[in-house]
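Q: I'd like to learn how to read helix packing and empty space in a protein model. Could we work through an example together?

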Amino acid sequence: MEAKDKKLSQLVDSAERIGIIGSPSSTSELTLDILASAMSKKLVGELAMFHYMQDGREHYALGQITEITLRNVWHEDPTMRSLIRQRGKIDAVSERQDTHTGEMTISAVFSAGPSGYRPSILGSVPSTGTPIHLVNNDVLEELLSPYRTQLFYLGHVYGSRPLLPLWFKHFDKGADGAGEAYHIGIFGKTGSGKSVLAKMILLAYTRYPGMALLVLDPQGEFAKDFQGRPTGEFQLPLRNIVKNLGKPVYIYSVRDLVLDRWELFAKILYESSFFQELSMPKGENREVAVDTLVQRMERDGITLKDLYKRSAFDKAWNLLGDDNVQKIFYRSESSRARFKDVFSQAVPDLYYEKYWLPVAQLFREDRAGARKVESILFGLLKPSQKSRPLVVIDLSGEQLNTITTQESQANLFGELIVEGNKSSFLFWNDTIQALVIRRLLEGIRTAAEGAYKEERSLNTLVLIDEAHRLAPREDPGIEEKKGIRHILIDAARTTRKYGVGWMFISQTLSSLHREILDQLRIFFFGFGLGMGTEFKALSELVGGRSKSLELYRLFRDPHSSFDVASREYSFMTTGPVSPLSFAGTPLFFNAFNTVEEFVQANGLVLT
């Protein structure tokens, strides 16, 4: 026996013994006869292992205990039940004749060899009587010692103390690389801890200098954390940790983005109040008016970056006042007469400052600190950088001042732009947010296709919060949102081979588009998916493993705890995310609920 294997055997033998392999057992699920000394212990969720011989080599199999059952054959006898009903307990039978049986699902098998421990399979069922031991940190550290630098920890084995080893490899080839991209899904009810888990996973990937990370942040939560303003109870100091890892971080808000497409200008102008104030409601006439105006301005050499100038507005205003142009979007004389009447009474200065500038400023390139979307994506996806960045796009509009006019009643937001003695607002609403997200997604897809043609991997992870809103299962109705859903579905199918992986965070399973769910490789399921359509969707994804699903249903609502310190954020994970789950068998863990424990477990530096 090799010295290394001898050490592991000694560690296993010295670990606490809780039972033996019983009957019936199979290569996928073992029956455990629990020892009397372990009957009073919490065993459900515990990580256990046993040592056996296969093909002349030492093997070690690990798995989690998913269920404990109690039987007492005397208590099942009708005559004894009658006596128990009268006496309540029979000393010679009750408790003394109890037998506890456990179910253990095998998730990983290692074989001992000259170069260490390698993955193997449970090719046969070991004999009854084979000892079952609880796994501890010493056993895991020895067993996984060749992969120590690759391991990352999000928490402890469910209801136990050992750390559950996970690995998050970059998407390129070479050291610590997976060789391909993975799509990841994190699901759970509000308050289940999914956002914190996503941030911890993001830090796992941040360790790789050659990997780029993009966070599309519709709610602004990630932006606050990376700006040093962490939110919530688990205030993870992302800014300090990433800084110490040497990863460049760039955060762009709404006011930092310069839009760069005429079609975006057309759609945003259509959504604004510009034409509404000229008595033209949303509909076909407004669409024709916007398209005509954009085509004429582009044909006359006006650039997007100059739209904010008064000369560009005057050009647009003169076009709208042209009878021939009016005949294009209003065919009837009565409609044109109404429009002319309103137009003739309109004050150009007011329309320029109040309705034109808030839209045009979005395309202005000389705003302080602003960058074009194309430039941001180029800086993110450029492969030659020594340390590729982490980019957060804050699309919440939270940092913008609310417009205190009629537009504020329509849920619009604006950032005050001061120029000389004049001021205007950036126009922003949910539709524009959707347009910007779509532009970013199209840019990523185009870059990925270009990289593939050059036979290189982009090695990039894109995180999308509130994914069920961007790619819902039901028809979103709005054209822009349909476009986003289409792009995300297509990206989930195609970008993996380009080296672009996606992390989708969602409160629900049933409302996220099925085609995206089918493309996900790694799943994390938090509390809140145990009923109705959510549980049905969960059952389909886990593959009908009833014992695992029953264990998932034992998860407690974290907010049902007596205090913050005792909250448990439990997760079930499937996919190639751990060296302890070769076949994608579900693993269960409780995520760290203190920053200090997470930082210490992963050797991260705070200051």
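Q: At roughly what angle do the axes of helix α9 and helix α12 cross?
A: Keep in mind that this is a predicted model. The axis of α9 (residues 310–320) comes within 11 Å of the axis of α12 (residues 348–360), and the two cross at roughly 110°. Angles from 65 to 115 degrees count as roughly perpendicular, and therefore α9 and α12 are roughly perpendicular to each other. The crossing of α9 past α12 is right-handed.

Q: Which residues make that contact of α9 with α12?
A: On the α9 side you'll find Arg310, Phe313, Ala316 and Trp317, and they meet Pro348, Asp349, Tyr351, Tyr352 and Trp356 of α12. Sorted by class, that gives seven nonpolar residues, two charged and no polar.

Q: What about α7 and α8: how do their axes cross?
A: Helix α7 (residues 262–271) and helix α8 (residues 284–299) have axes that come within 10 Å and cross at roughly 140°. That angle makes α7 oblique to α8; the roughly antiparallel class takes angles over 145 degrees. Here too the crossing is right-handed. From α7, the contact uses Trp262, Phe265, Ala266, Leu269 and Tyr270. From α8 come Arg286, Glu287, Val290, Leu293, Val294, Met297 and Glu298. By class, the contact of α7 with α8 counts nine nonpolar and three charged residues, with no polar ones.

Q: Now for the empty space. How much of it lies in the largest pocket?
A: The general idea is to roll a probe the size of a water molecule over the atoms, which shows where empty space is left. In this model, the largest pocket holds about 470 Å³. It is lined by 26 residues, and those closest to its centre are Gly191, Gly193, Ser195, Val196 and Glu221.

Q: Which element gives the most to that pocket's lining?
A: That's α4, with six residues. Both α4 (194–206) and β23 (569–574) supply at least two residues each. The lining as a whole has 11 polar, eight nonpolar and seven charged residues.

Q: And how many cavities of 30 Å³ or more does the structure hold?
A: One. The largest cavity has a volume of about 30 Å³. Its lining consists of Gln64, Thr66, Thr105, Ser107, Ser548, Thr585, Pro586, Leu587 and Phe588. Strands β4 (57–71), β5 (99–113) and β24 (587–591) each provide at least two of the lining residues. Six of the lining residues are polar, three are nonpolar and none is charged.

Note on methods: Residues are numbered from 1 along each chain as its sequence is written. This is a predicted model: local features need pLDDT of at least 70, side-chain atom pairs count only at pLDDT 80 or more; totals for chains, interfaces and linings use all residues. Side-chain values use heavy atoms; hydrogens and water are left out. On a 1 Å grid over the protein atoms alone, a cavity is a set of points where a 1.4 Å probe fits but cannot get out, and a pocket is an open set with protein on both sides within 12 Å along at least five of seven lines; lining residues have an atom within 4 Å of a point. Grid points are joined across faces, edges and corners, and a volume is the space filled by probe spheres set on the points. Helices (H or I, at least four residues) and strands (E, at least two) are DSSP runs, numbered from the N terminus. Ala, Val, Leu, Ile, Met, Phe, Trp, Tyr, Cys and Pro count as nonpolar, Asp, Glu, Lys and Arg as charged, and the others, Gly among them, as polar. Axes are lines fitted to C-alpha atoms, for helices over the stretch in contact, and angles run from 0 to 180 degrees between N-to-C directions. Angles under 35 degrees count as roughly parallel, over 145 as roughly antiparallel, 65 to 115 as roughly perpendicular and the rest as oblique. A crossing is left-handed if the near helix is turned anticlockwise from the far one by less than a right angle, and right-handed if clockwise. Contact means heavy atoms within 4.5 Å.
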